[in-house]
Amino acid sequence: MPKTNLKGKTIEELQDFLTSLGEPPYRAKQIFRWIYKGVTDFDKMTDIPKSLAARLKEISYIDKIKVYKKVESRKDDTIKYLFLLQDNEIIESVKMEHRYGISVCVSSQVGCPMGCAFCASTIGGFRRNLTSGEMVDQVLAIQEDIGKRVSHVVVMGSGEPLLNYEELIKFLKILNSPLAFNISYRRITVSTCGIVPEIKRLADEKLPITLSVSLHAPDDNLRDRLVPVNRRYPILELLDACKYYIIKTKRRITFEYTLISGVNDSKECAVKLARLLKGMLCHVNLIPLNPIDERDFSRSKPENIRLFEEIIKNYGISVTVRQEMGADIEAACGQLRRSFLDGVKK
Ligand code: SF4
């Protein structure tokens, strides 16, 4: 029988596992705490009997991802990590420091199947979903590396998290558990490119997390080109699902809009976007593009970004321009992993 990995199991799953071994439920709480303190050796769990530690070693293990490479920004405190998984796949995560705390951007898949036109994560295609344990481990490994607690988590790295739904929900529950990371749901953001049925499913979970939707275009023609999933779930369907999410969770939605010079940054685009979102409980986050070598897109001029922001604001919609972090260390999502994979091929 293959051994069971205990990292990434929710407290309820761990209770079931220990009950099946004839152990009382409180043992699950003890082991759960140790796992999310970063302990991987059962012998170091000082409050469980030696006989149980020996039994657990026979049938289970606690996985741990390895830091493969770390790149630190010289401009701010951003650190990009490449992590090596058990099957030799590589994923990317980012640590950022803010006034309000430390946030970590985690990946939810190895590569990404979604094909967004300006994104480095999707270029090598999709490899596989991450397990909840591998998502948790990105946060744990970064905490260990920097010696500080992470206060905010954004699931905005490589991958479409809503295509890895069950593992994502387990991950969110572990982050939120007072016995593990104790991170409030309000400090967790999940980003999607717009998988309509899964947005509704997430709304029904009623977790007060922030949903961030990658919009990037104000009409279907343009969005079909930039975010191909739009051909399946066009903008009006997507906005209906967002409204459902707002009603169910009472949370404001963030719309991400990457500004690409001459593509989606005109005055007309700004007006269309503002008309589309007016009256919704939402925030617009304008992102100056981080260009990647493989695509012919360039960043909007600062004056166009300012004008775009002004127009949205004039419609009474909350809007900010994303502050750049780690711009000197392959800032685009998936870019560091991409250059690593290119290096391996060469
Ligand atoms: S932007 Fe997000 S969903 Fe789109 S290809 Fe990149 S990682 Fe995937």
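This is a short talk on the sheet, the ligand site, the cysteines and one loop residue of this structure.

Hi everyone, thanks for coming. Please keep in mind that what you see above is a predicted model.

Let's begin with the sheet. Ten strands make it up, and the sheet is open, with mixed pairing. If you want to trace the strands on screen, the order is E3-E4-E5-E6-E9-E10-E11-E12-E13-E14. Which strands stand at the edges? They are E3, residues 66–72, and E14, residues 318–321. Each of these two has a single partner strand, so one of its sides has no neighbour in the sheet. From one strand to the next, the twist averages 20°.

Now zoom in on E10 and E11. E10 covers residues 188–192 and E11 covers 210–214; the two run parallel, joined by four bridges. To pick out one partner pair, look at Thr192, whose bridge partner in E11 is Val213. Packed on the sheet you'll also find helix H8, residues 235–249, which touches E11 and strand E12, residues 253–259. The direction of H8 makes about 145° with that of E12.

On to the ligand. Which residues are around it? Here they are: Cys112, Met114, Gly115, Cys116, Cys119, Ser121, Thr122, Gly157 and Gly159. By type, that shell divides into five polar residues, four nonpolar ones and no charged ones.

With cysteines in that list, I expect someone will ask about disulfides. How many are there? The count is zero. Take Cys193 as an example: its closest cysteine sulfur is that of Cys116, 4.9 Å away. A disulfide needs the two sulfurs within 2.5 Å, so this pair is too far apart for a bond. Cys116, remember, is one of the residues around the ligand. Is Cys193 buried or exposed? Cys193 is buried, because its relative accessible area is 5%, and the cut-off for buried is under 20%. Cys105 is buried as well, at 11%.

Last stop: Asp47. You'll find Asp47 in the loop between helix H2, residues 25–35, and helix H3, residues 50–59. Its relative accessibility is 36%, so Asp47 counts as partly exposed. What does Asp47 contact, once we leave aside neighbours within four places in sequence? The answer is Arg27, Gln30 and Trp34. For Gln30, the separation from Asp47 is 17 residues in sequence and 7.4 Å in space, C-alpha to C-alpha.

That's my tour, and I'm happy to go back to any part of it. Thank you!

Conventions
Residues numbered from 1 in each chain as written. Predicted model: local features only at pLDDT ≥ 70, side-chain atom pairs only at ≥ 80, totals over all residues. Heavy atoms only, no water. Near = heavy atom within 4 Å. Nonpolar A, V, L, I, M, F, W, Y, C, P; charged D, E, K, R; others polar. Buried < 20%, exposed > 50% of the residue type's maximum accessible area, 1.4 Å probe, protein only. Pairing = 2+ DSSP bridges. Axes fitted to C-alpha atoms, helices over the stretch in contact; angles between N-to-C directions. Contact = heavy atoms within 4.5 Å.
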